[in-house]
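The following note was prepared for a colleague who wishes to review this model at the level of strands, helices and individual side chains. The points may be followed alongside the coordinates.

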Amino acid sequence: MWPRVRPAISATLTLMRTNLCAWLLGTLLLTVPLQAQRKVIAPPEFAPATGAAEPMYSPGILVDGTLYISGQIGADLKTREVPADFEAEVKTCLDNIGMVLKAAGMTYADVVSVQVYLTDMDLFARMNAVYATYFKTPRPARTAVGVTRLALPKARTEITVTARK
């Protein structure tokens, strides 16, 4: 026959067991990776024309407060025409990025990283002049790369950004 345990000791042991189980369960839940929530950010201006195929990318993806914006070229969203003037092309490109930022509840001030692709590095200073009007200090981290060509033949620049609220 088992010895009798005093009621106060029994209650203490029960409380200790309960606390230990709660601590172990909490620790286990914190170590299990949680599936990140992904939300597509697609402003209405980016909708394809009636009868046109859906693009093979999303304009933006928001994951855990970080917004990843697909590379944007300076083409008009409806006509797909690239302006002949390079500064207008860069402005259109950055305006398109601004639409995605706004749809995610962000602004240019939330941008933390920028990647610029140029088909002619001699255009860098001209791109930079327009860029400076959109991104105020402190400016985001940035990479500028020269490429031979872009997906749209007349495009001379493509810009992609990452933003965090």
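1. A charge is taken to sit over a ring if NZ of Lys or CZ of Arg is within 6 Å of the ring centre and within 35 degrees of the ring normal. Arg142 meets this description, lying over the face of Tyr131 at 4.4 Å from the ring centre. The model discussed here is a predicted one, and this note should be read accordingly.

2. Sheet architecture. The model contains an open sheet of six strands. Their order is β1-β2-β3-β6-β4-β5, and the pairing is mixed. At the edges stand β1 (38-41) and β5 (141-146), each of which pairs on one side only. From one strand to the next, the twist averages 15 degrees.

3. The β1, β2 and β3 region. Four bridges join β1 and β2 in the antiparallel sense, and Ile41 stands opposite Gly60 in β2. The pairing of β2 with β3 is likewise antiparallel and covers four bridges; here Leu62 has Leu67 of β3 as its bridge partner. Two residues lie between the strands of the β2 and β3 hairpin, where Asp64 takes a positive phi near 50 degrees.

4. Side-chain directions in β2. Gly60 and Leu62 point one way from the strand, while Ile61 and Val63 point the other way. Are these residues buried or exposed? All of them are buried.

5. The place of β6. Strand β6 pairs with β3 in the antiparallel sense over six bridges, with Ile69 opposite Val161. It also runs antiparallel to β4, to which seven bridges join it. Within that second pairing, Tyr117 stands opposite Glu158, and Ser113 has Thr162 as its bridge partner. Six of the eight residues of β6 are buried, so the strand is largely enclosed by the rest of the structure.

6. Helices on the sheet. Helix α2 lies across β1, β2 (60-63), β3, β4 and β6, and runs at about 150 degrees to β3. Helix α3 also packs on the sheet, where it touches β4 and β5. The direction of α3 makes about 150 degrees with that of β5.

7. The largest nonpolar core. This core holds 27 residues, and those that touch the most other members are Leu67, Leu94, Ile97, Leu101, Val114 and Ile159. At least two residues each are supplied by β3 (66-73), α2, β4, α3 and β6 (157-164). Which element gives the largest share of this core? It is α2, with seven residues.

8. Surroundings of Ile159. Apart from neighbours within four places in sequence, Ile159 is in contact with Cys93, Leu94 and Ile97, with Val114, Gln115 and Val116, and with Ser70, Gly71 and Gln72. Among these contacts, Leu94, Ile97 and Val114 are also listed with Ile159 as the core residues that touch the most other members.

9. A second core and Leu150. Separate from the core above is one of five residues, including Ile73, Val82, Leu150 and Ala155. Leu150 is placed in the loop between β5 and β6, yet at 12% relative accessibility it counts as buried. Its C-alpha atom is separated by 8.7 Å from that of Ile73, 77 residues apart along the chain. With neighbours within four places in sequence left aside, Leu150 is in contact with Tyr117, Thr119, Ala155, Arg156, Thr157 and Glu158.

10. Aromatic pairs. A pair of aromatic rings is described by the distance of the centres and the angle of the planes. The count for this model comes to three aromatic pairs. In one of them, the rings of Tyr108 and Tyr134 have centres 5.3 Å apart and planes at 70 degrees; planes over 60 degrees apart count as edge-to-face, so this pair is classed in that way. Tyr108 belongs to the loop between α2 (86-103) and β4 (111-118) and Tyr134 to helix α3 (residues 124-134), so the pair ties together parts that are 26 residues apart in sequence. Tyr134 is buried, its relative accessible area being 15%.

11. The aromatic cluster. Tyr131 and Phe135 form a tilted pair, at 4.6 Å centre to centre and with 35 degrees between the planes. Both Tyr131 and Phe135 are buried. Together with Tyr108 and Tyr134, these two residues form one aromatic cluster. The Tyr131 ring of this cluster is the one whose face is covered by Arg142.

Technical notes
Residues are numbered from 1 along each chain as its sequence is written. This is a predicted model: local features need pLDDT of at least 70, side-chain atom pairs count only at pLDDT 80 or more; totals for chains, interfaces and linings use all residues. Side-chain values use heavy atoms; hydrogens and water are left out. Rings of Phe, Tyr and Trp (its six-membered ring) pair if their centres lie within 6.5 Å; planes under 30 degrees apart count as stacked, over 60 as edge-to-face and the rest as tilted. Buried means under 20% relative accessible area, exposed over 50%, partly exposed in between (1.4 Å probe, protein chains only). A nonpolar core is a set of buried Ala, Val, Leu, Ile, Met, Phe, Trp, Tyr and Cys residues joined through side-chain atoms within 4.5 Å. Contact means heavy atoms within 4.5 Å. Two strands pair if DSSP finds at least two bridges between them. Axes are lines fitted to C-alpha atoms, for helices over the stretch in contact, and angles run from 0 to 180 degrees between N-to-C directions.
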